[in-house]
Amino acid sequence: QVQLVESGGDLVQPGETLRLSCKASGIDRNTFSSWRMGWHRQAPGKQRDLVARIEPTGDATYQDSAKGRFTISRDNANKTASLQLTNLKPEDTGVYYCSADRPPWGLDDYWGQGTQVTVSS
């Protein structure tokens with residue numbers, strides 16, 4: 001019943017910008033507001049790594065390579081978590097997955113199907 005659906009992935013050139021969105025369904029807004037939301041990247045031939053996390057408070061944490069370039073945000077009214085990717089580099093290429101961590105927070109409970117981001121000249 002609960003679903004996370006990502007969108008916004010594309011083929012872009014280095015230096016360009018993308019905005020990824022993760023829309024949650026099957027829950028109400030109040031429930032969504034209590035979840036930790038994350039964005040993860042699985043690069044070709046690599047394991048999946050956390051890129052950014054946003055807390056119910058709105059506080060955000062980032063992978064070192066994302067700091068200063070990526071911004072995670074949430075819109076609880078629309079049950080959406082977004083990731084703004086600026087100054088994209090080829091090493092940012094991969095499948096980006098959205099995740100949700102319900103209380104009591106710990107492991108991610110839900111995952112989206114992923115959206116492909118390809119950065120290439």
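Two strands pair if DSSP finds at least two bridges between them. The exercises below apply this to a predicted model.

**Exercise 1. Determine which strands make up the open sheet, and which of them stand at its edges.**

Solution.
Step 1. As background, strands of a sheet pair through backbone hydrogen bonds, either parallel or antiparallel.
Step 2. The open sheet has 4 strands in the order β1-β3-β8-β7, and the pairing is antiparallel.
Step 3. β1 (3-7) and β7 each have a single partner strand and therefore stand at the edges, with one side of each left without a neighbour in the sheet.
Step 4. From one strand to the next, the twist averages 15°.

**Exercise 2. Describe how β8 is joined to β3 and to β7.**

Solution.
Step 1. β3 and β8 run antiparallel and are joined by 6 bridges. In this pairing, serine 21 stands opposite serine 82 in β8.
Step 2. β7 and β8 also pair in the antiparallel sense, over 6 bridges. Here phenylalanine 70 has leucine 85 of β8 as its bridge partner.
Step 3. The strands β7 and β8 form a hairpin with 4 residues between them. Lysine 79, in the turn, has a positive phi of about 55°.
Step 4. The two faces of β7 are to be distinguished: Phe70, Ile72 and Arg74 form the covered face, whereas Thr71, Ser73 and Asp75 form the uncovered one.

**Exercise 3. Identify the residues with the most contacts inside the largest nonpolar core, and the strand that gives the most to this core.**

Solution.
Step 1. The largest nonpolar core contains 26 residues. Met37, Trp39, Phe70, Leu83, Leu85 and Tyr96 have the most contacts inside it.
Step 2. Strands that each supply at least two residues of this core include β4 (36-42), β5 (48-54) and β9 (94-101).
Step 3. The strand that gives the most is β3, with 4 residues.
Step 4. Leucine 83 serves as an example. Leaving aside neighbours within four places in sequence, leucine 83 is in contact with residues that include Leu20, Trp39, Val51, Phe70 and Tyr96.

**Exercise 4. Decide whether arginine 53 and glutamate 91 are buried or exposed.**

Solution.
Step 1. The cut-offs are under 20% relative accessible area for buried and over 50% for exposed.
Step 2. Arginine 53 is found in strand β5. Its relative accessible area is 7%, so arginine 53 is buried.
Step 3. The side chain of arginine 53 is joined to that of aspartate 108 by a polar contact of 2.7 Å. Not counting residues up to four places away in sequence, arginine 53 touches several others, among them Arg36, His40, Asp59 and Asp101.
Step 4. Glutamate 91 lies in the loop between β8 and β9. Its relative accessible area is 54%, so glutamate 91 is exposed.
Step 5. Glutamate 91 and alanine 52 are 39 residues apart in sequence, and their C-alpha atoms are 16 Å apart in space.

**Exercise 5. Classify the aromatic pair of phenylalanine 32 and tryptophan 35, and state which residues ring pairs link into a cluster.**

Solution.
Step 1. The whole structure contains 2 aromatic pairs.
Step 2. For phenylalanine 32 and tryptophan 35, the ring centres are 6.2 Å apart and the planes make an angle of 50°. The pair is tilted, because planes under 30 degrees apart count as stacked, over 60 as edge-to-face and the rest as tilted.
Step 3. Phenylalanine 32 counts as buried at 0% relative accessibility, and tryptophan 35 counts as buried at 3%.
Step 4. Ring pairs link Phe32, Trp35 and Tyr110 into a cluster.

Conventions
Residues are numbered from 1 along each chain as its sequence is written. This is a predicted model: local features need pLDDT of at least 70, side-chain atom pairs count only at pLDDT 80 or more; totals for chains, interfaces and linings use all residues. Side-chain values use heavy atoms; hydrogens and water are left out. A nonpolar core is a set of buried Ala, Val, Leu, Ile, Met, Phe, Trp, Tyr and Cys residues joined through side-chain atoms within 4.5 Å. Buried means under 20% relative accessible area, exposed over 50%, partly exposed in between (1.4 Å probe, protein chains only). Contact means heavy atoms within 4.5 Å. Axes are lines fitted to C-alpha atoms, for helices over the stretch in contact, and angles run from 0 to 180 degrees between N-to-C directions. A polar contact is a pair of N or O atoms within 3.5 Å; within protein, one must be able to donate a hydrogen and the other to accept it, and residues adjacent in sequence count only if both atoms are side-chain atoms. Rings of Phe, Tyr and Trp (its six-membered ring) pair if their centres lie within 6.5 Å; planes under 30 degrees apart count as stacked, over 60 as edge-to-face and the rest as tilted.
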